[in-house]
Amino acid sequence: MGRSGHACSLLAPLLLLLLSLGSAAAQKGSTWKTLSGDPPAVIAKGGFSGLFPDSSDLAYAFAASYQDSALWCDVRLTKDGVGICLPDIKMENCTSMSNVFPKGQTTYRVNGVSTKAWFSVDYDSTQLSNVSLERSIYSRIQRYDGVFQVIPVEVVLSQYKAPAFWLNVQHDSFYSQFNLSMRSYILSLSKQYTIDYISSPEVSFLKSLLGRVSNKTKLVFRFLDEGIVEPSTNQTYGSILKNLTSIKTFASGILVPKNYIWPVAADNYLKPPTSVVDDAHKAGLEIYAADFANDFGLSYNYSYDPVTEYLGFVDGAFSVDGVLTDFPITALEAIGCFTNLNDTKTDHGAPLVISHNGASGDYPDCTDLAYKKAVTDGADVIDCAVQVTKDGIPICMSSIDLKDVSTVVTSQFASLAVVIEDIKPVAGVYTFNLTWEDIANNLKPMISNPWTGFTLSRNPRNRNAGNFMKLSDFLTFAKGEDLAGIMITVERASFMAEKLGFGVVDAVIKALDDSGYSKQTAQKVMIQSTNSSTLVKFKQEAKYNLVYKLDEDVKDAAPSAVAAIKQFADAVSVSTMSIYPATSNFLINQTNPLVKTLQSAGLPVYVHLLMNEFPSQPWDFFSDATTQINAFVQKGGGGVDGVITDFPGTAHRYKLNSCKNMGNNTPYYMLPPQRGGLLETIDKAAQPAAMAPQKDLASADVVEGPLPPVSNTTAPASSYATSRIRTDVSFLATLLMLCAYLLI
């Protein structure tokens, strides 16, 4: 069961990556509310198990490289008494056991419960040398499955340098059924290696170690779910929690699920915190919180931002003494760079935080609540995507199709669904099909959910909250707030002019004039469009800051393209893939010169679109929105001038972090990732297909003819609907079936 030579070969590029990160750590001078007054400990569960298979060589190597993370090992025993690190007693949940030994399932009693599984006690260490580790959470990287062997505890304790080692013993009483003594094994280890923590959910096991391990080894009682019965006392963990002073007689600390501290309601929203942290500290016990991961288990209150979750445990009225996490880098950055921040001073400097449909990660797009949240969260610029109603009123709406952003499908206007080939090939109910009163009085907003395929929903309690806003309402609201500016996005200006008889450029300019924006300088007015013709029209008629949005991924821009852009634009917004190209969600080893090219020509660059949900980020950003923002902003990474985001609160907090401007002392966890570094750790046979080459932007991609004149159509949808719009019969049939079902 020795370490795989193949696995070792994969470590080489990783170690080069880690060396490039340096070893500096952020220093915090403040007093912590931990029991000792020291910063909370970060314990890497099975190494960096959010990225690599839990308890694998690569997971431990990556976590150990941070030098500030304790390494955690879930200890299991084999048939011949060898200790191994494995996250689950059911080996099929984290290894290839069911394939290697297809008939190896057995049934044993585990803590009194009959359990059918593949167990380590049925195999000796030689047999297990043929077994490989696999991810236990299927949304994680599949390409490392089958690469790494199960490794002995001794390898972890001797191979890796870490500030501390934590051994967790989950089922001592189970192993005793097979004449295996976990106690003897742990005591033997403690004589050979420094073990800083030993935890167990079994009272009798911890008591058996008292006085037999080093005084420097901390014994920690691990709480399981409150309703589970502790095997040696026959009490539930919930009842044991009520008598913490008794735990102090055999342990120096407790490890609890994070929901012991911040309970979560059935609908995944936080309840008020309990007093368990203060209670533990009053009893003289350290308290550690478990179950942290960036890619699952986050309450909706955290807006899919794991840093926000950590701060709730270490930077408020109380602080835990440590956190057990699958993603140690996020815990380190939260503790090292984002605690005790001063959020009272307004900073509208670079990078600009530009909202995308307001705080659309928390409230329905372009509603009053989304804009209020964006301002409260610290956005520098709030945005309005302009659409037009049937009665010619410009409104803020992220989509021209009301099906995307409202409850129109269940309204009396559903029958207006039509196909307009100039917009999209499927039926929609468009803003220009309804009057403003129709929309405002009869429809409710609907929050965007771009990641439902991963069962990630945004703020369900407020999925239909807020009110739609006219452009004039938006301008009135924004003008009264402390903002660096506003961004108005205008698309389909040609369509509106030709087919709807609506001059959107003139309408926007008039709204800005009427609101007083044309006569003030306190807030910058930015006009964004993917169409150069639209921006040329604005430049001819007004003096606003014009932003050209590149809606395709490009590597660079030809000099002629840059010259063309400068004729009509003052800034450019580019896609994330144009800065950090990736294949199958892995960054490739390619540095695109696009940002430098544009900035060298005097064009600020904004990146779109950032989200907090982990599937939106390449694996190299560790399922952490803050890591992604840092990569795009730092000069050694993307070096952009601003970020366009659904979650402005996360980007604003990034601007406040205490690890900025530290030069060579910047903590390693606040440096941009090495492009292609993670990809190189994957076996060649398992690597994804190479990404298709990105093109350079040419002048022909930029230059457009002038906008067409506004037609004489008086009703925005009437004549065009007659000649070009057809009713989608299948959509109506589906709607009728839905109505019939609801009436049953």
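The buried residues of helix α23 pack against five elements: α12 (306–314), α13 (328–337), β27 (605–610), β28 (642–645) and α24 (648–656). Here contact means heavy atoms within 4.5 Å, and buried means under 20% relative accessible area, with exposed over 50% and partly exposed in between (1.4 Å probe, protein chains only). Helices (H or I, at least four residues) and strands (E, at least two) are DSSP runs, numbered from the N terminus. The model is predicted, so local features need pLDDT of at least 70 and side-chain atom pairs count only at pLDDT 80 or more, while totals for chains, interfaces and linings use all residues. Residues are numbered from 1 along each chain as its sequence is written, and side-chain values use heavy atoms, with hydrogens and water left out.

Helix α23 spans residues 625–633, and nine of its nine residues are buried, so this helix is largely enclosed by the rest of the structure. The buried residues of α23 are Ala625, Thr626, Thr627, Gln628, Ile629, Asn630, Ala631, Phe632 and Val633. At the N-terminal end of α23, Asp624 acts as a cap, with a side-chain oxygen 2.9 Å from the backbone nitrogen of Thr626.

One of the strands that α23 packs against, β27, also holds Leu609. This leucine is partly exposed, with a relative accessible area of 27%. A cis peptide bond joins His608 to Leu609, with omega about 0°. Leu609 and Thr645 are 36 residues apart in sequence, yet their C-alpha atoms are 5.6 Å apart in space. Leaving aside residues up to four places away in sequence, Leu609 touches His356, Thr576, Ile644, Thr645 and Asp646.

Turning to helix pairs, helix α19 (residues 504–515) takes part in two packing arrangements worth following in turn. The axes of α19 and helix α20 (residues 532–541) come within 10 Å and cross at roughly 45°. Axes are lines fitted to C-alpha atoms, for helices over the stretch in contact, and angles run from 0 to 180 degrees between N-to-C directions. The pair α19 and α20 is therefore oblique; angles under 35 degrees count as roughly parallel, over 145 as roughly antiparallel, 65 to 115 as roughly perpendicular and the rest as oblique. The contact is made by Val505, Asp506, Val508 and Ile509 of α19 and by Thr534, Lys537, Phe538 and Glu541 of α20. These contact residues divide into four nonpolar, one polar and three charged, where Ala, Val, Leu, Ile, Met, Phe, Trp, Tyr, Cys and Pro count as nonpolar, Asp, Glu, Lys and Arg as charged, and the others, Gly among them, as polar.

Helix α17 (residues 471–479) packs with α19 at an angle of about 40°, with the axes 10 Å apart. That angle makes α17 oblique to α19. On the α17 side the contact involves Leu471, Leu475 and Lys479, and on the α19 side Val508, Ala511, Leu512 and Ser515. The residues of this contact divide into five nonpolar, one polar and one charged.

Some backbone details complete the picture. Ala350 and Pro351 are joined by a cis peptide bond with omega about -5°, and Pro351 lies in the loop between α13 and β14 (352–355). Asn268, although not a glycine, has a positive phi of about 75°. This asparagine is found in the loop between β11 (253–257) and α11 (276–282) and is partly exposed, with a relative accessible area of 25%. Asp291 is not a glycine either, and has a positive phi of about 80°. Asp291 sits in strand β12 (residues 286–292) and is partly exposed, at a relative accessible area of 43%.

Note on methods: A polar contact is a pair of N or O atoms within 3.5 Å; within protein, one must be able to donate a hydrogen and the other to accept it, and residues adjacent in sequence count only if both atoms are side-chain atoms.
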